[in-house]
Amino acid sequence: VYAFDLPGIPEDAIAIEVKDETLTVSAEREKTQETDENGFYRFERRYGTFARAVGLPQGIDQDHIAARYENGVLEVRVPKPEEQKPRKIELSKTLDA
């Protein structure tokens with residue numbers, strides 16, 4: 001499970017991609033302005049685009065990655081890859097010449 005804190009970002013502004021065993025989460029927060037009755041502008045939040053990239057283990061099934069966004073937290077669930085089992089190799093029989 002990967003968790004990303006993205007407070008105040010709408011769900012439709014979040015992009016999640018998987019490419020070459022890398023999970024990339026990117027989003028954009030727009031600039032907001034507030035004015036009060038004295039005509040002053042105050043900016044209290046950061047704005048702009050950002051992206052985070054996280055390496056994924058080899059052998060994951062990309063079709064089973066799931067994401068959920070709730071209360072400003074993006075949770076991406078990546079199933080563990082199956083452990084590779086050793087393969088037994090039979091010896092071939094020696095033929096008499």
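Tutor: Two strands count as paired if DSSP finds at least two bridges between them, a strand being a DSSP run of E with at least two residues, numbered from the N terminus. This is a predicted model, in which local features need pLDDT of at least 70, side-chain atom pairs count only at pLDDT 80 or more, and totals for chains, interfaces and linings use all residues. Residues are numbered from 1 along each chain as its sequence is written, and side-chain values use heavy atoms, with hydrogens and water left out.

Student: What makes strand 7 and strand 8 a pair?

Tutor: Strand 7 (residues 66-70) is joined to strand 8 by 5 bridges, so the pairing criterion is met. The two run antiparallel, and A67 stands opposite V76 of strand 8. Their hairpin has 2 residues between the strands, and N71 takes a positive phi near 55 degrees there.

Student: Which other strand pairs with strand 8?

Tutor: Strand 1 (residues 2-5) does, in the antiparallel sense, over 4 bridges. F4 has L74 of strand 8 as its bridge partner.

Student: How do you know that the side chains of strand 8 alternate?

Tutor: In strand 8 (residues 73-77), L74 and V76 point to one face and are buried; buried means under 20% relative accessible area, exposed over 50%, and partly exposed in between (1.4 Å probe, protein chains only). V73, E75 and R77 point to the other face and are not buried. E75 has 22% relative accessibility and R77 has 46%, so both count as partly exposed.

Student: Why is the contact of E75 with R77 called a salt bridge?

Tutor: The term requires a side-chain nitrogen of Lys or Arg within 4 Å of a carboxyl oxygen of Asp or Glu. The closest N and O atoms of E75 and R77 are 3.2 Å apart, so the contact qualifies.

Student: How many salt bridges does the structure hold?

Tutor: It holds 2. One of them joins the side chains of R68 and E70, at 3.5 Å from N to O. E70 has a relative accessible area of 43%, so this residue is partly exposed.

Student: What makes strand 2 and strand 6 edge strands?

Tutor: 3 strands form an open antiparallel sheet in the order 2-3-6. Strand 2 (14-19) and strand 6 (48-55) each have a single partner strand, so one side of each lacks a neighbour in the sheet. Strand 2 pairs antiparallel with strand 3 (residues 22-29) over 6 bridges, and one bridge sets I14 against A27 of strand 3.
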